[in-house]
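Reader: I am new to reading protein models. Could you take one residue and walk me through its surroundings, step by step?

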Amino acid sequence: MNGLAQRRSANVHRSRKRAVVIIALIGLACAAENCFAFGLDEVYSPNVEYREFALELNRARSFDPDPAKNDAQVGELTLEAGLTPRLQMQISGEYSGNPGSPLQLTAHEVEARYQFVESGEYWLDAGMLLAYDFPTQSDTPRSLEAKLLLQQDVGRFTNTANIGFTQNIWRYSEHTGGPA
């Protein structure tokens with residue numbers, strides 16, 4: 001083999017090694033996400049869209065061979081509004097229904113996101129989220145959620161971090177709550 005062929009062979013070998021390492025890292029990231037996603041509902045951006053109104057419906061229905069579990073439903077209906085250039089408010093209702101039963105409202109939530117600085121003004125966009133959840137059942141605790149919202153745009157990528165906690169409050173909230 002001449003020198004050029006050896007270099008090409010070495011480059012192909014290095015490229016294959018890189019591909020294997022990248023695939024392994026992606027696999028680890030997916031596995032880690034599944035391990036740590038237990039407390040993650042939604043990832044929020046700190047940026048508020050002024051004068052934007054949104055109506056959102058999320059639903060899920062079970063499909064199970066066991067008739068006692070088949071057709072259970074859960075969902076959430078949300079109305080969101082950008083009230084000021086830095087404040088966005090949201091109200092929502094959560095509902096659920098067992099198989100063969102009508103849907104019932106299970107909780108209400110009021111949520112506010114506040115944007116600390118104009119988007120792009122500093123190297124990091126920052127904001128805060130506060131949410132208060134109050135269930136319709138009297139024996140279920142209410143919850144308070146607080147999060148610091150961080151976001152940074154780097155080229156074509158947007159990096160977002162939500163750091164916070166959820167704490168059950170009011171009656172029936174002993175020994176519950178914790179990091180979100």
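Author: What follows starts at one serine and then moves out to the rest of the chain.

Keep in mind that this model is predicted. Our residue is Ser92. Where does Ser92 lie? Ser92 sits in strand β3, which covers residues 87–97.

Is Ser92 buried or exposed? Its relative accessible area is 8%. Buried means under 20%. Ser92 therefore counts as buried.

Now look at the neighbours. Leave out residues up to four places away in sequence. Ser92 then touches Glu76, Leu77, Thr78, Ala107, His108 and Glu109. Glu76, Leu77 and Thr78 fall within the range of strand β2, residues 73–82. With Glu76 there is also a polar contact. The two side chains make it, at 3.1 Å.

Take Leu77 next. Leu77 is among the residues that Ser92 touches. Leu77 also belongs to a nonpolar patch on the surface. Which residues form this patch? They are Leu55, Leu57, Leu77, Leu79, Ile91 and Val110. Together they have about 560 Å² of accessible area. Two strands each supply at least two residues of the patch: β1 (53–61) and β2 (73–82). One of the patch residues, Leu57, is placed in strand β1.

So much for the surroundings of the serine. Here is the whole protein. How many helices and strands does the protein have? There are one helix and eight strands. Along the sequence the pattern reads α-β-β-β-β-β-β-β-β. The helix comes at the start of that pattern, and the strands follow.

The protein has 180 residues, and 23% of them count as buried. Ser92 is a buried residue. The accessible surface of the protein comes to about 12,900 Å². Carbon and sulfur atoms hold 59% of that surface.

What about contacts across the sequence? Take the contacts with a separation of 6 or more. Residues 24 or more positions apart account for 43% of them.

One last stop: the aromatic rings. The whole structure holds two aromatic pairs. Tyr132 and Phe134 form one such pair. Their ring centres lie 5.6 Å apart, with 35° between the planes, and the pair is tilted. How accessible are the partners? Tyr132 has 24% relative accessibility and counts as partly exposed. Phe134 is partly exposed too, with a relative accessible area of 25%.

How values were computed
Residues numbered from 1 in each chain as written. Predicted model: local features only at pLDDT ≥ 70, side-chain atom pairs only at ≥ 80, totals over all residues. Heavy atoms only, no water. Helix = DSSP H or I, 4+ residues; strand = E, 2+ residues; numbered from the N terminus. Buried < 20%, exposed > 50% of the residue type's maximum accessible area, 1.4 Å probe, protein only. Polar contact = N/O pair within 3.5 Å; in protein donor to acceptor, adjacent residues only side chain to side chain. Contact = heavy atoms within 4.5 Å. Areas by Shrake-Rupley, 256 points an atom, 1.4 Å probe, with all protein chains shown as cover. Phe/Tyr/Trp six-rings, centres within 6.5 Å; stacked < 30°, edge-to-face > 60°. Patch = residues over 30% accessible without salt bridge, like charges linked within 9 Å, V, L, I, M, F, W, Y side chains within 5 Å. Salt bridge = Lys/Arg side-chain N within 4 Å of Asp/Glu carboxyl O.
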